[in-house]
Amino acid sequence: MDSFYQKVYAIVANIPCGRVASYGQIAWMLGNPRGARQVGWAMRRCPDGLPWQRVVKADGSIAGGGFAELRRALLQSEGVPFLPDGRVDMEACRWLGGK
């Protein structure tokens, strides 16, 4: 497996329940601030068992194509707050790293 992908998955594994991180934020944490798209590709191949639903777009929009509604339901079940327009309230639940 690509080492970049492994690093992405290590970060995603640490996002706590009720928190989210953006694709760009993960790229920035990896020292590749323009690598949001690469993080997206890594998440498309995300191994089972990782909290993939906790990675959203920078504005709180939920990506996921056919899985967007499942992702929303999983986040809601974790207590993630949403704005009236349906986006995740990034100000309220953005994970800043650490454990």
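Arg54 is buried, with a relative accessible area of 11%. I begin with this residue, and I should say at once that the model under discussion is a predicted one. Arg54 sits in the loop between α3 and β2. Setting aside residues up to four places away in sequence, Arg54 touches Ile15, Pro16, Cys17, Arg19, Val20, Ala21, Leu75 and Glu78.

The last residue in that list deserves attention. Glu78 forms a salt bridge with Arg54, and the closest N and O atoms are 2.9 Å apart. The pair links distant parts of the chain, with the two positions 24 residues apart in sequence numbering: Glu78 belongs to the loop between α4 and α5, and Arg54 to the loop between α3 and β2 (55-56). What is the accessibility of Glu78, buried or exposed? Glu78 is buried, at a relative accessible area of 16%. The Arg54 side of the bridge, at 11%, also counts as buried, because the limit for that class is under 20%.

As a general remark, side chains of opposite charge can pair when their charged atoms come close. How many salt bridges does the structure hold? There are two. Besides the bridge just described, Arg87 forms a salt bridge with Asp85, where the closest N and O atoms lie 2.7 Å apart. Here the surroundings are as follows. Arg87 counts as partly exposed, at 27% relative accessibility. Asp85 is exposed, with a relative accessible area of 52%.

Arg87 brings me to Asp89. This aspartate is found in the loop between α4 (68-77) and α5 (90-93). Asp89 is buried yet has no salt bridge. Which side chain of opposite charge is nearest to Asp89? That side chain is Arg87, 8.3 Å away. A salt bridge requires the nitrogen and the carboxyl oxygen to be within 4 Å, so a separation of 8.3 Å does not qualify. What Asp89 does touch, not counting residues up to four places away in sequence, is Pro81, Phe82 and Leu83.

I move on to Met90, which is found in helix α5. Met90 is buried, with a relative accessible area of 7%. Leaving aside neighbours within four places in sequence, Met90 is in contact with Val20, Ser22, Val56, Lys57, Ala58, Asp59 and Gly60. Val20 is also one of the residues that Arg54 touches. With respect to Gly79, Met90 is eleven residues away along the chain, and the two C-alpha atoms are separated by 13 Å.

Let me now turn to the helix pair α1 and α3. The axes of helix α1 (residues 3-13) and helix α3 (residues 36-44) come within 10 Å and cross at roughly 80 degrees. The two helices are therefore roughly perpendicular to each other. Which residues make up this contact? From α1 there are Phe4, Tyr5, Val8, Tyr9 and Val12, and they meet Gln38, Val39, Trp41, Ala42 and Met43 in α3. In terms of character, the residues of the contact divide into nine nonpolar, one polar and no charged.

Two residues help to place the ends of α1. Asp2 belongs to the segment before α1. Asp2 is partly exposed, with a relative accessible area of 43%. The C-alpha atoms of Asp2 and Ala42 are separated by 9.1 Å, although the two residues are 40 residues apart along the chain. Ala42 is also one of the α3 residues met by α1.

The other residue is Ala13, which lies in helix α1. Ala13 counts as partly exposed, at 44% relative accessibility. Not counting residues up to four places away in sequence, Ala13 touches Leu50 and Pro51. With Trp28, which is 15 residues away along the chain, the C-alpha separation is 16 Å.

Ala13 also returns us to the opening residue. Arg54 and Ala13 are 41 residues apart in sequence and 9.7 Å apart in space, C-alpha to C-alpha.

To close, I would set two acidic residues side by side. Glu78 is buried and forms a salt bridge with Arg54. Asp89 is buried and has no salt bridge.

How values were computed. Residues are numbered from 1 along each chain as its sequence is written. This is a predicted model: local features need pLDDT of at least 70, side-chain atom pairs count only at pLDDT 80 or more; totals for chains, interfaces and linings use all residues. Side-chain values use heavy atoms; hydrogens and water are left out. Helices (H or I, at least four residues) and strands (E, at least two) are DSSP runs, numbered from the N terminus. Buried means under 20% relative accessible area, exposed over 50%, partly exposed in between (1.4 Å probe, protein chains only). Lys and Arg count as positive and Asp and Glu as negative; His and the chain ends are not counted. Contact means heavy atoms within 4.5 Å. Axes are lines fitted to C-alpha atoms, for helices over the stretch in contact, and angles run from 0 to 180 degrees between N-to-C directions. Angles under 35 degrees count as roughly parallel, over 145 as roughly antiparallel, 65 to 115 as roughly perpendicular and the rest as oblique. Ala, Val, Leu, Ile, Met, Phe, Trp, Tyr, Cys and Pro count as nonpolar, Asp, Glu, Lys and Arg as charged, and the others, Gly among them, as polar.
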